[in-house]
Amino acid sequence: MLHHKTALRLAAPVAVLALTLTACGGGGDKADAKSPATARAKASPSPSAASGGELATGEAATGKFKEDPGVVTYGIVAQKVVLGTEADAAKAVADAKNAKGKVLATAQVKFTHQGGPALTDSPDVNDGTEVYADGVPGAILIGADESAVAGCEDPYDIESWRQGESHVFCETYLVPADAKSVEVHWAEEDGAPYVWKFPGK
């Protein structure tokens with residue numbers, strides 16, 4: 001079964017702002033407003049005290065995620081965040097005014113299959129990834145073209161994934177251009193987020 005974010009990405013011919021921009025201090029777009037974090041919180045109201053927390057650069061976390069064949073244990077590490085320009089952001093959205101004062105932040109996260117069933121379809125584990133700027137959620141771009149970022153793989157190209165294999169997936173968000181730090185969050189479906197911090201512009 002496709003997660004909401006996955007389904008939107010498949011259907012979107014162009015990038016669509018999926019989080020309200022009020023989280024980043026901009027104006028909201030009701031037609032595009034849908035928070036994956038809110039959906040996940042509704043499905044998982046009780047975070048696990050054993051998961052989550054701030055991690056050092058390069059430090060890996062271990063988490064479980066429900067995939068189509070069953071629960072898989074992953075090793076997760078946010079490798080970096082690639083920051084674009086305000087001009088890039090304006091071109092990436094349907095209405096350039098929604099990107100005013102903002103830049104694209106593409107989080108690059110490496111996932112290693114550590115246990116559980118082999119995947120026979122596209123993984124959903126990257127649905128647990130979010131980007132924050134100075135502690136405030138960014139606005140995700142559904143359908144963003146991440147092929148320009150070196151090292152980003154397309155989850156829809158993964159048709160099998162066995163224990164011991166790793167893949168790098170990316171998520172692109174709009175964040176304020178003057179953000180001092182950018183955070184990559186990844187959370188288990190029933191857990192608090194792991195957080196990796198990177199410098200802003």
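How many salt bridges does the structure hold? In this predicted model, the structure holds two salt bridges, and they make a handy starting point for a tour of the strands and the charged surface.

One salt bridge joins Lys-197 to Glu-54, with 4.0 Å between the closest N and O atoms. This pair ties together distant parts of the chain, since Lys-197 sits in strand E11 and Glu-54 in strand E2, 143 residues apart. Lys-197 has a relative accessibility of 39% and therefore counts as partly exposed, whereas Glu-54, at 58%, counts as exposed. The other salt bridge is formed by Asp-95 and Lys-97, whose closest N and O atoms lie 3.9 Å apart. Here Asp-95 is partly exposed because its relative accessible area is 33%, while Lys-97 reaches 64% relative accessibility and so counts as exposed.

Strands E2 and E11, which carry the Glu-54 and Lys-197 partners, also belong to an open sheet of five strands. The strand order in this sheet is E2-E11-E10-E6-E7, and the pairing is mixed. Strand E2 (53-55) and strand E7 (136-137) are the edge strands, each pairing on one side only. Within the sheet, strand E10 (residues 181-186) runs antiparallel to strand E11 (residues 194-199), and six bridges connect them. Trp-186 has Tyr-194 of E11 as its bridge partner.

Between strand E6 (129-133) and E7 there is a loop that contains Asp-134. The phi angle of Asp-134 is near 50°, a positive value in a residue other than glycine. With a relative accessibility of 41%, Asp-134 counts as partly exposed.

Further pairing links E3, E4 and E5. Strands E3 and E4 run antiparallel and are joined by seven bridges, forming a hairpin with two residues between the strands. Phe-65 stands opposite Val-72 of E4. E4 in turn pairs with strand E5 (residues 102-115), again in the antiparallel sense, over ten bridges. In that pairing, Gly-75 faces Thr-112 of E5.

The loop between strand E3 (61-67) and strand E4 (70-83) holds Asp-68. This residue counts as exposed because its relative accessibility is 55%. Asp-68 also contributes to a negative surface patch, together with Asp-121, Glu-153, Asp-154, Asp-157 and Glu-159.

Technical notes: Residues are numbered from 1 along each chain as its sequence is written. This is a predicted model: local features need pLDDT of at least 70, side-chain atom pairs count only at pLDDT 80 or more; totals for chains, interfaces and linings use all residues. Side-chain values use heavy atoms; hydrogens and water are left out. Patches are made of residues with over 30% relative accessible area and no salt bridge: like charges are joined within 9 Å, nonpolar side chains (Val, Leu, Ile, Met, Phe, Trp, Tyr) within 5 Å. Accessible areas come from the Shrake-Rupley method with a 1.4 Å probe; for residues, only the protein chains shown count as cover. A salt bridge is a side-chain nitrogen of Lys or Arg within 4 Å of a carboxyl oxygen of Asp or Glu. Lys and Arg count as positive and Asp and Glu as negative; His and the chain ends are not counted. The place of a charge is taken as NZ of Lys, CZ of Arg, CG of Asp or CD of Glu. Helices (H or I, at least four residues) and strands (E, at least two) are DSSP runs, numbered from the N terminus. Buried means under 20% relative accessible area, exposed over 50%, partly exposed in between (1.4 Å probe, protein chains only). Two strands pair if DSSP finds at least two bridges between them.
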